[in-house]
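This report concerns the pairing of charged side chains. Please consult the sequence and the 3D structure shown here before reading on.

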Amino acid sequence: MGQREQATIETLGGAVARLEVRRGSWLVGRAPEADLKLYSDRVSPRHAWLRRDARGTWVSDAGSRTGTLVNGEALAPSQARLLRDGDRVSFGPITTVFSDVGAVGEEQPVFAVVPAERTGAVALVVGPVLFVTGFALGAVRVLRHFGAGPEFGVALLAAGLLVTVLGLAFARRRKARPRRFGAR
């Protein structure tokens with residue numbers, strides 16, 4: 001399960017409050033220093049904590065008077081619970097919904113962290129491209145020594161890239177074919 005750098009938690013109906021949960025700890029309550037301020041006399045000043053780390057976003061009750069519930073299940077004081085996209089978290093009478101930013105259709109930055117399941121595909125593309133580029137640049141130097149022009153090196157580079165793209169297309173096509181029972 002790949003984690004994103006940020007998630008959100010926001011109230012449902014009534015007074016609107018929203019918090020972008022990034023890595024670190026975030027206080028929920030009525031206190032002036034609360035990161036997610038909930039304006040209700042049934043919400044404790046220091047009601048609960050949200051914490052985001054590499055494993056995900058966690059919620060724990062901070063010993064509040066009215067308790068913290070996740071999907072209707074009460075948390076014991078100081079019990080941390082991992083939140084999942086769509087979980088409803090109630091801080092006393094105020095219900096919020098937790099969502100992972102970018103779970104559906106969010107544009108990723110150019111240098112985004114690549115999820116583990118796609119690392120192989122990225123390496124399969126980047127590795128041969130770097131290899132072919134290095135080979136072509138080296139070939140240009142060698143061919144220049146024998147009197148060939150840089151056009152030949154560029155042609156080698158283009159041919160190498162074409163072979164790499166064709167190889168990837170065939171590999172993807174083979175992977176997409178359904179396998180028959182007992183076939184290798």
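A salt bridge is a side-chain nitrogen of Lys or Arg within 4 Å of a carboxyl oxygen of Asp or Glu. By this criterion, the structure, which is a predicted model, holds six salt bridges. In general, side chains of opposite charge can pair when their charged atoms come close.

Three of these pairings are set out below, each with the distance between nitrogen and oxygen.

| Arginine | Acidic partner | N to O distance |
|---|---|---|
| Arginine 18 | Glutamate 10 | 3.9 Å |
| Arginine 51 | Aspartate 53 | 2.7 Å |
| Arginine 55 | Aspartate 53 | 3.3 Å |

In the pairing of arginine 18 with glutamate 10, the glutamate is partly exposed, its relative accessibility being 28%.

Aspartate 53 takes part in a salt bridge with arginine 51 and in another with arginine 55. Aspartate 53 has a relative accessible area of 17% and is therefore buried, since buried means under 20%. Arginine 51, at 31%, is partly exposed. Arginine 55 reaches 52% relative accessibility and so counts as exposed, the cut-off for that class being over 50%. Through salt bridges that share partners, Arg51, Asp53 and Arg55 are joined into one network.

In this network, then, a buried aspartate 53 is linked with a partly exposed arginine 51 and an exposed arginine 55.

Conventions:
Residues are numbered from 1 along each chain as its sequence is written. This is a predicted model: local features need pLDDT of at least 70, side-chain atom pairs count only at pLDDT 80 or more; totals for chains, interfaces and linings use all residues. Side-chain values use heavy atoms; hydrogens and water are left out. Buried means under 20% relative accessible area, exposed over 50%, partly exposed in between (1.4 Å probe, protein chains only).
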